[in-house]
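I opened the notebook to go through one structure and write down what I looked up. The entries follow in the order I made them.

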Amino acid sequence: MAARAGKIPQQMQSSLAISGDDERWFLINASPDLAQQIERTPALQPRPNSPRNSPIVGVLLTNADLDHALGLLLLRQRETPLIVYATDETRAALDWINMVLKRFCGVEWRLVSRDFDSLSKSVAFRAISLPKSIALQFRDQSSNASALIAPAAGNLNDELHDAVKTSDLVLFDGTFWKDDELLAFRPGARRAREMNHLPIADGSLDFLRHSSARRKMYIHINNTNPILMPGSFERAQVERAGIEIARDGLEIAL
Ligand SMILES: [Zn+2]
């Protein structure tokens, strides 16, 4: 309501794009808002030298949630198969999308690895296993700087702890402020942790506050989360902890 009233910026569904050379891009989750996101991001738009092409080479999926996967269908009009990196579980859950895309560009599935694997000439990445999802850690091969991207993290296991410690940039699950956030809106709604999202208030805030990453940021923020409201008590706590709140169109050079 605040966004519709013009009090805060409107936000699209969470998605990121990464590139090592500004030419070939990979999406991290493909949201249902992808068409609009491409329109707002010149680097992701087809180049003028060919009528049908896209700088988007592939997609890395953190899980099979619809807000992460529906955008795959919007990439169907390609000349070449779409490369999709995922776990076996995510691939199996998205078999229906695979069947649909077979009649269009097709998908070239690639299994994510827990060891660093090359994504492009200058970028390597690895998957960190979490219950019901993965986080992704990227490394710039020339500077050795690394980024952790965890849009759906239900808890903090040792592997995720270590990845946060060794990353210069941390983009972390900011879906919910507190565990029972949705119960205020809908009786019987599931809790944040039941939906595979560690809440900020008694979950990730302290942990991220103490992380030594150069930049820390909440992403994947639900429209019930009070950190979206400027001047809110909750947003002030996040800012005091040195954590930024991501916004549409944000660009970060690693
Ligand atoms: Zn999501």
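In which loop is Cys-105 found? I located Cys-105 in the loop between helix H5 (95-102) and strand S5 (107-111). I note at the start that this is a predicted model.

**Entry: Cys-105**

I looked up the exposure of Cys-105 next. Its relative accessible area is 9%, and the cut-off for buried is under 20%, so Cys-105 counts as buried. I then listed its contacts, leaving out residues up to four places away in sequence. Cys-105 touches Leu-75, Arg-76, Arg-78, Thr-80, Pro-81 and Leu-82. I also checked Cys-105 against Arg-209: the two are 104 residues apart in sequence, and their C-alpha atoms are 44 Å apart in space.

**Entry: helix H7**

I turned to helix H7, which spans residues 200-209. I found its buried residues to be Ile-200, Gly-203, Ser-204, Leu-205, Phe-207 and Leu-208. What do the buried residues of H7 pack against? I recorded two helices, H6 (158-165) and H8 (233-240), and two strands, S10 (169-173) and S11 (215-219).

**Entry: the zinc ion**

Which protein donors does the zinc ion have? I wrote down Asp-67 through OD, His-68 through NE2 and His-220 through NE2. These donors lie 2.0 to 2.1 Å from the zinc ion. Along the chain, I read their spacing as D-H-x151-H.

I compared the exposure of two of the donors. Asp-67 has a relative accessible area of 21%; buried requires under 20%, so I class Asp-67 as partly exposed. His-68 has a relative accessible area of 0% and is buried.

**Entry: the whole chain**

I counted secondary structure last: the chain has 8 helices and 12 strands. For 254 residues, a compact globule would have a radius of gyration near 18 Å, and the chain has 18 Å, so the two agree. I put the C-alpha atoms in a box along the principal axes and got roughly 50 × 40 × 35 Å.

Buried residues make up 48% of the 254 residues. Among contacts between residues at least 6 apart in sequence, I found that 58% join residues at least 24 apart. The chain exposes about 13,100 Å², and carbon and sulfur atoms supply 49% of that area.

How far apart are the mean positions of the positive and negative charges? I have 30 positive and 31 negative charges, with mean positions 3 Å apart.

Methods. Residues numbered from 1 in each chain as written. Predicted model: local features only at pLDDT ≥ 70, side-chain atom pairs only at ≥ 80, totals over all residues. Heavy atoms only, no water. Donors = N, O, S within 2.8 Å, 3.2 Å for Na, K, Ca; no water. Buried < 20%, exposed > 50% of the residue type's maximum accessible area, 1.4 Å probe, protein only. Helix = DSSP H or I, 4+ residues; strand = E, 2+ residues; numbered from the N terminus. Rg over C-alpha atoms; globule rule 2.2 N^0.38 Å. Contact = heavy atoms within 4.5 Å. Areas by Shrake-Rupley, 256 points an atom, 1.4 Å probe, with all protein chains shown as cover. Lys, Arg positive; Asp, Glu negative; His and termini not counted. Charge placed at Lys NZ, Arg CZ, Asp CG, Glu CD.
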